[in-house]
Amino acid sequence: MNQPTKSLGAMLRHIAICALAVAAPGLHAQDTKPPLRVGLVLSLSGPAAAFGIPERDAIQAVAADVNAKGGVDGRQLELVIFDDKTNPTEATRGVTQMATNEKVVAVIGPGTGGGILAAGPVAERLKMPLLAPAGTVAVTDKKNSFYPWIFRTIPNDFTSIRVLLSAAVKNGAKRIAIIYQEDPFGKLGMEHAQKLAGELNFEVTEAVSAPQTSTDLSAQALRIRNSKPDAVFVQLSIPPLGAAFIKSIRQLQVNVPTYVGLGLSQKAFFDAVGADGEGLRVASIGSLAHDPSPTEKKLAALLAKNGKVPTGWAELAGTSGLMAIMAAARTVQGEITPEKMRNALETTCGFPVFVDAEPCYSADNHDAWGEDSVKITVLRGGKLTSR
Amino acid sequence: MLNLLEYVLRGLLTGAVYGVLALPLSLVFLTTTTIDFAVGAYALVAAVVAAQIGGVFGLVAGLGAAMACSAVLVFVLVLLKRQRGDYRISFILASIGLVVALSSLVFWAKGPTALLNGTVGGVAHLGPLILPYAGLINLAVGVSLLAMLQVVLFKTHAGKVMRATAINPKAASLAGIRVPVVEASTILAGGLLGGTAGILLYYSSGLDFNSPLTLSFAGFGAAVIFGMERPLRCFVGGLILGVVEAISAGYASGAVASMLPMLFVLLVLSVSHAGSARFSGDRP
C-alpha cells in the first residue's frame with residue numbers, strides 16, 4: 001500500500017525539481033538586467049582630439065568602476081565608441097550608427113560644437129538624446145528644432161566668458177583687448193565680450209583676429225600692445241596658436257593681466273607656453289590636472305587606476321555626461337529607451353558629478369551649468385592653481 | 001610711421017620661414033618640374049624628433065629624419081618614372097598623401113602636443129622697436145641658406161649639373177649626367193630644407209600635427225608669387241608674403257585681414273608674367 005504513495009511522492013519531487021529547473025533560468029534572467037548601452041561619438045582624431053581622447057579615457061575609467069560596483073541599479077554599462085574625426089559629417093554618421101545599429105540609450109558627443117549642430121537634426125529624427133561636451137552656445141539654442149534632444153555637459157562659452165571678464169573688471173581692468181580665432185568659437189566669444197563691455201563697465205580697446213592656421217601672431221600682438229590695454233582676453237582654443245600669441249605679447253613686454261578662455265585650458269597649451277605662461281588667469285572647470293579638489297581627486301584616482309594622467313577639463317566634461325545618463329537611468333521605470341532617457345534627463349537635477357557644481361537640467365534649461373561651475377585659476381610653474 | 005616699420009620688420013621675420021619653406025619647392029621644381037608638397041610634413045617630423053631627443057644631436061637627428069621622409073618620395077618618383085605618361089601630377093598627389101600620412105603618424109605617436117621650444121627667448125631693442133631673437137635667427141638662417149643655394153647652383157659643378165638636368169634631362173643624360181641621381185639628391189635636399197624650417201618654427205612660433213599642409217601652402221604661396229624657377233625669387237616671395245600678412249593683421253579688420261595675403265598673391269599672379277613661361281613647360 002505504501003508503494004503507490006512512495007511513487008506519488010517521488011513523482012511530485014521529480015515534478016518539483018523539473019519545475020525548478022525550467023523556472024531557474026527565468027528567475028536568473030529577472031535578476032540580471034539588460035546592459036545600459038551608451039554611445040560615445042567623440043573626436044579621437046583631428047584638431048579636437050586634445051579633448052576627445054581624455055573624454056573617452058575618463059568615461060571608460062568611470063564606467064569600469066561603476067560596473068565593478070554592480071552597475072547602474074544592476075545594469076552594466078556598455079560603451080560603444082565612434083571617432084567623429086573632428087568632422088561634422090562623421091559626427092552625423094556616428095550618431096546615426098549609434099541610433100540605428102548600436103541601439104544605445106543616449107550618446108555622449110559629438111566632440112565639437114560644429115559636430116553637435118550637424119548631428120542635431122539626426123538626433124531629433126532618430127529620437128536620440130545627445131550629451132554635448134561643448135561650450136558652443138548655439139547647440140542649446142531653443143530656436144533649434146532639435147533643442148529637446150541636446151543636453152550640455154559643460155558651461156556654455158558665454159557663461160565662462162562672463163565669469164572671466166567679471167574677474168578682470170573686479171581686478172581693476174577698464175581697457176581690455178581681445179584676441180580671437182577666426183571660427184564660430186572665437187567670433188561669437190569676441191562678440192559676446194563686446195556686448196558685456198557696457199554691462200560690466202569696460203572698454204574694448206582692440207579686437208584682433210587670427211586664422212586658425214596662423215604660424216605667427218606677432219603682428220596681432222603688436223596691434224594689441226599699441227591699443228594700450230590694461231588687460232588682455234584670449235579667446236583661442238588651438239594650443240600652438242595660444243602659445244605663439246602669449247610668447248609674442250611677452251616679447252613685446254605687454255605685462256598686463258591676461259585672461260585665457262576655457263578653450264586653452266588644456267595641458268598641450270600649458271606645455272607649449274612654458275615659462276611665458278606664468279601668471280596667466282585661466283578659466284577652467286576645476287583644476288583636475290594640477291590642483292584637484294577633493295571631488296576631482298576621486299576622478300583622478302580612477303584615471304590613475306586605469307593608467308591615465310589627467311589633462312584638464314575634458315575628463316570632467318565627458319564624465320558629467322555619463323553621470324547625467326546614469327542619474328536619469330535610475331529614474332526610468334521598465335525598459336530604458338532613448339525617448340524615456342530624454343524625458344528623464346529633463347528632470348535630472350543636482351546629480352553627483354566630479355565637478356564642484358550642481359548641474360540641473362529642466363525642460364526650459366538644457367544648459368544645466370551655472371557660473372559656479374567655472375573657476376578662475378592661475379598658471380604657475382606650468383600648473384593651474386586655485387587663486 | 002614707426003608702427004608701420006615695426007609691422008614690416010615683424011613681417012620680414014615671419015616671412016623668412018615662408019621663404020625657407022619655398023626653397024625646397026623651388027629646388028624640386030627646378031630639376032623635376034613637379035612639386036613636393038610634403039615640405040610641411042618634413043618640418044613637422046624634424047621638429048618632433050628634435051623635441052624628442054633634445055640638444056644638438058636632436059637637431060641633427062631631426063634633419064636626418066626629415067631627409068629620410070623625403071626619401072619616400074625619391075622611391076615614388078623612381079616608380080612613377082618607370083611608367084609611361086606624365087608622372088608630375090601623380091607625384092604631387094603622392095606628396096600630399098605623404099603629408100597626411102606623416103601628420104597622422106605624428107598624431108598617433110605624440111598626440112595633440114604643441115611643439116614649441118622657448119629656450120631662444122629674449123628680444124633685441126632697436127631704439128623703440130622690439131624684435132625677438134628667435135625671429136632674427138630665422139631671418140639670418142634663411143638668408144644664409146639662400147646664399148648657400150645661390151653659390152651651389154651658380155658657382156659649383158653640382159649646380160651646373162642640376163641646371164643642366166633642369167634645362168634638358170635627355171641631353172644631360174647623353175652628356176653623362178646621371179639624371180635620376182640628381183633628381184633624388186634634389187628631393188633629399190628638399191627634405192633637409194623643409195626640416196630646417198621645422199627646426200626654426202620649433203624654436204620660434206611652434207607647430208603641431210595640424211600644421212604641415214598649412215606650412216606647405218604657405219611655402220607654395222611664397223614660391224609662386226615671383227616664379228618658382230629661382231630660389232632667390234621664392235625667398236623674396238616669402239618675405240613679401242610675411243610683410244603683407246603682418247600689415248593686414250596690423251591695420252585691416254578681422255573680417256578681411258586673413259584674406260588680404262591671398263588676394264595679394266592672386267593680384268601678383270594676375271598682373272605679372274613672372275614664372276609663366278616656366279609653368280607652360282619652358283626651361284629657364
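These are my notebook entries on a predicted two-chain model, chains A and B.

**Ground rules**

I number residues from 1 along each chain as its sequence is written, and letter chains from A and number ligands from 1 in the order in which they are written. Since the model is predicted, local features need pLDDT of at least 70 and side-chain atom pairs count only at pLDDT 80 or more, while totals for chains, interfaces and linings use all residues; side-chain values use heavy atoms, with hydrogens and water left out.

**Confidence in chain A**

I looked up pLDDT (the predictor's confidence in each residue, from 0 to 100). Chain A has a mean of 88, and 92% of its residues reach 70 or more. Residues 1–6 of chain A stay under 50, and residues 20–30 of chain A also stay under 50. For residues 20–30 the model has zero contacts (heavy atoms within 4.5 Å) beyond four places in sequence.

**The A/B interface**

I find 35 residues of chain B in contact with 32 residues of chain A. The two chains bury about 2600 Å² between them, 57% of it on carbon and sulfur atoms. That area is the accessible area (1.4 Å probe) that two parts lose on being put together, summed over both.

Between the chains I count one salt bridge, meaning a side-chain nitrogen of Lys or Arg within 4 Å of a carboxyl oxygen of Asp or Glu. Arg225(A) and Glu6(B) make it, at 2.9 Å from N to O. On the chain B side, α1, β1, β2, α9 and α10 each supply at least two residues; helices (H or I, at least four residues) and strands (E, at least two) are DSSP runs, numbered from the N terminus. The largest share, six residues, comes from α1(B).

**Thr153(A)**

Is Thr153(A) buried or exposed? Thr153(A) is buried, at 2% relative accessible area; my cut-offs are under 20% for buried, over 50% for exposed and partly exposed in between (1.4 Å probe, protein chains only). Thr153(A) sits in the loop between β5 and α5 of chain A. Its side chain reaches the backbone oxygen of Ala317(A) at 3.0 Å. Beyond four places in sequence, its contacts include Leu131(A), Pro133(A), Tyr361(A) and Trp369(A).

**Backbone oddities**

The Gly109(A) to Pro110(A) peptide bond is cis, with omega near -5 degrees, and I place Pro110(A) in the loop between β3 and α4 of chain A. Lys127(A) is not a glycine but has a positive phi of about 55 degrees; Lys127(A) is partly exposed at 38%. Thr33(B) has a phi near 55 degrees, lies in the loop between α1 and α2 of chain B, and is buried at 14%.

**Salt bridges**

Over all chains I count 19 salt bridges. One of them joins Glu102(A) and Arg37(A) at 2.9 Å, N to O. Glu102(A) is in helix α3 and Arg37(A) in strand β1 of chain A, so this pair ties together parts that are 65 residues apart in sequence. Arg37(A), Glu78(A) and Glu102(A) are linked in a network of salt bridges.

I also checked Asp367(A) with Arg152(A), which meet at 2.6 Å, N to O. Asp367(A) is in the loop between α12 and β11 of chain A and Arg152(A) in strand β5, so the pair ties together parts that are 215 residues apart in sequence. Both Asp367(A) and Arg152(A) are buried.

Note on methods:
A polar contact is a pair of N or O atoms within 3.5 Å; within protein, one must be able to donate a hydrogen and the other to accept it, and residues adjacent in sequence count only if both atoms are side-chain atoms.
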